[in-house]
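Subject: Structure handover

Hi,

Here is the structure we talked about. Please open it and keep it beside this message while you read.

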Amino acid sequence: MNLARRPRRLRATPQIRALVREVSLSADDFVLPLFVSEKVSGRKPVASMPGVFQLDEDSLVADARNAHEAGLRAVLIFGIPAVRDETATQAYADDGVVQRAVRRLKRELPDLVVMTDVCLCEYMSHGHCGITDFHGANREVAHVHNDASVELLVKTALSHAGAGADVVAPSDMMDGRIGAIRAGLDAAGFENTIIMSYAAKFASAFYGPFRDAAESAPKSGDRRAYQMDAANAREALREVDFDIAEGADIVMVKPGLPYLDIVSRIKERFGMPTAVYSVSGEYAMLKAAAANGWLDEKACVLEQMTAFKRAGADIIITYWARECATWIR
Ligand code: PBG
């Protein structure tokens, strides 16, 4: 045989492989989601997400410090309030669970980038991401109002920025919320607060375990009237286009693994800082397989993180963020 093409030459040794590797992982890439709850003291395990906890404020600060010391740059904060109602009052309360937590994090860990999830579902008694109409004796949710919901999202984002959040991350998928939040932030003097938009967020069954962690499952119905249909890639490009035009600084795709084509197309088309959210269901399924001895957790995690980078992600939001930072050191 006299082959002109021998790609295996470049795979011969770890040194050669490292030389020609196209992407690599860095602790700079990862963001750790953390859940702060007004209803727990200490830490309460999330059953479907081994290694993930609902945290009280002290534990939140401890875990954030720990993540920072492991080399992470950023955390993403979700809040679980003690009281929920039909206008999500605690989402934009000055002394709300996220607002207090953010003030403390920025005081104690000023160099840690603090991102906040901006949504209403954890704060609404019905668990939907906006202001709703009801029907029937059981008050099932009939419709989620767009513009009235956006008003509350603006208030929420402003209160997070006021508490010191570096990045606000709207995850609700209402139309026009990025533009409204940008205008609200600018008018209030927060022109340097960054918006990371959950721009292409799909209505996904992979969010199941998160809804245990954040206690945010809708009591009736589903989120298909506001989150995107899994079949739609061109629509994802339009959503991202709108969000960039409205002022998004970072655009996100969510979930991660089943949507790598979306990550890739968005990065190629827009070239914006692009984030991917490796969601709770992705975490739960690999954790379960690893617990059974069916898959090698560390190897599978690092492989899929590399796949996110290869697809074009600049930022990876993952419950494995701290482990990744440690593993790749
Ligand atoms: C809030 C929100 C959700 C997630 C992030 N922000 C849940 C949802 O839309 O139902 C999912 C995160 C995950 O599954 O890890 N709207």
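Is S204 buried or exposed? S204 is buried, because its relative accessible area is 10% and buried means under 20%. Keep in mind that this is a predicted model.

**Two loop residues on the inside**

Start with S204. You will find S204 in the loop that runs between β9 and α6 (208–213). Set aside its neighbours within four places in sequence. S204 then touches R211, Q227 and P255.

Now go to T193. T193 also has a loop position, between α5 (177–187) and β9 (194–201). Its relative accessibility is 7%, so T193 counts as buried. Again, ignore neighbours within four places in sequence. The contacts of T193 are then A161, A165, D166, V168, R182, L185 and D249.

**A loop residue on the outside**

Where is A47? A47 sits in the loop between β2 (43–45) and β3 (53–55). A47 has 79% relative accessibility, so A47 counts as exposed; the cut-off for exposed is over 50%. Here is a distance to try on your screen. From A47 to A137 is 33 Å, C-alpha to C-alpha, and the two are 90 residues apart in sequence.

**Helix α2 against helix α3**

Next, the helices. Two packed helices are described by the angle between their axes and the distance between the axes. Take α2 (residues 57–69) and α3 (residues 97–108). Their packing angle is about 40°, and their axes lie 10 Å apart. That angle makes α2 oblique to α3. The crossing of α2 past α3 is right-handed.

Which residues make this contact? On the α2 side they are E57, D58, L60, V61, A64 and R65. On the α3 side they are R100, A101, R104, L105 and E108. Sorted by class, the contact of α2 with α3 has 5 nonpolar residues, 6 charged ones and no polar ones.

**Helix α3 against helix α4**

Helix α3 also packs with α4 (residues 146–163). Here the angle is about 25° and the axes are 8 Å apart. That makes α3 roughly parallel to α4, because angles under 35 degrees count as roughly parallel. The crossing of α3 and α4 is right-handed.

From α3, the residues in this contact are V98, Q99, V102 and R103. They meet S159, H160 and A163 of α4. By class, the contact of α3 with α4 holds 3 nonpolar, 3 polar and 1 charged residues.

**Cysteines**

How many disulfides are there? The count is 0 disulfides, where a disulfide needs a pair of cysteine sulfur atoms within 2.5 Å. Look at C119. C119 is in no disulfide, and the nearest cysteine sulfur, that of C129, is 3.6 Å away. C119 has 1% relative accessibility, so C119 counts as buried.

Then look at C324. C324 is in no disulfide either. The nearest cysteine sulfur to C324 belongs to C300, at 12 Å. C324 is buried, with a relative accessible area of 0%.

**To retrace on screen**

- S204: buried, in the loop between β9 and α6.
- T193: buried, in the loop between α5 and β9.
- A47: exposed, in the loop between β2 and β3.
- α2 and α3: oblique.
- α3 and α4: roughly parallel.

Best wishes

Conventions:
Residues numbered from 1 in each chain as written. Predicted model: local features only at pLDDT ≥ 70, side-chain atom pairs only at ≥ 80, totals over all residues. Heavy atoms only, no water. Axes fitted to C-alpha atoms, helices over the stretch in contact; angles between N-to-C directions. Helix = DSSP H or I, 4+ residues; strand = E, 2+ residues; numbered from the N terminus. Parallel < 35°, antiparallel > 145°, perpendicular 65-115°, else oblique. Left-handed = near helix turned anticlockwise from the far one by under 90°. Contact = heavy atoms within 4.5 Å. Nonpolar A, V, L, I, M, F, W, Y, C, P; charged D, E, K, R; others polar. Buried < 20%, exposed > 50% of the residue type's maximum accessible area, 1.4 Å probe, protein only.
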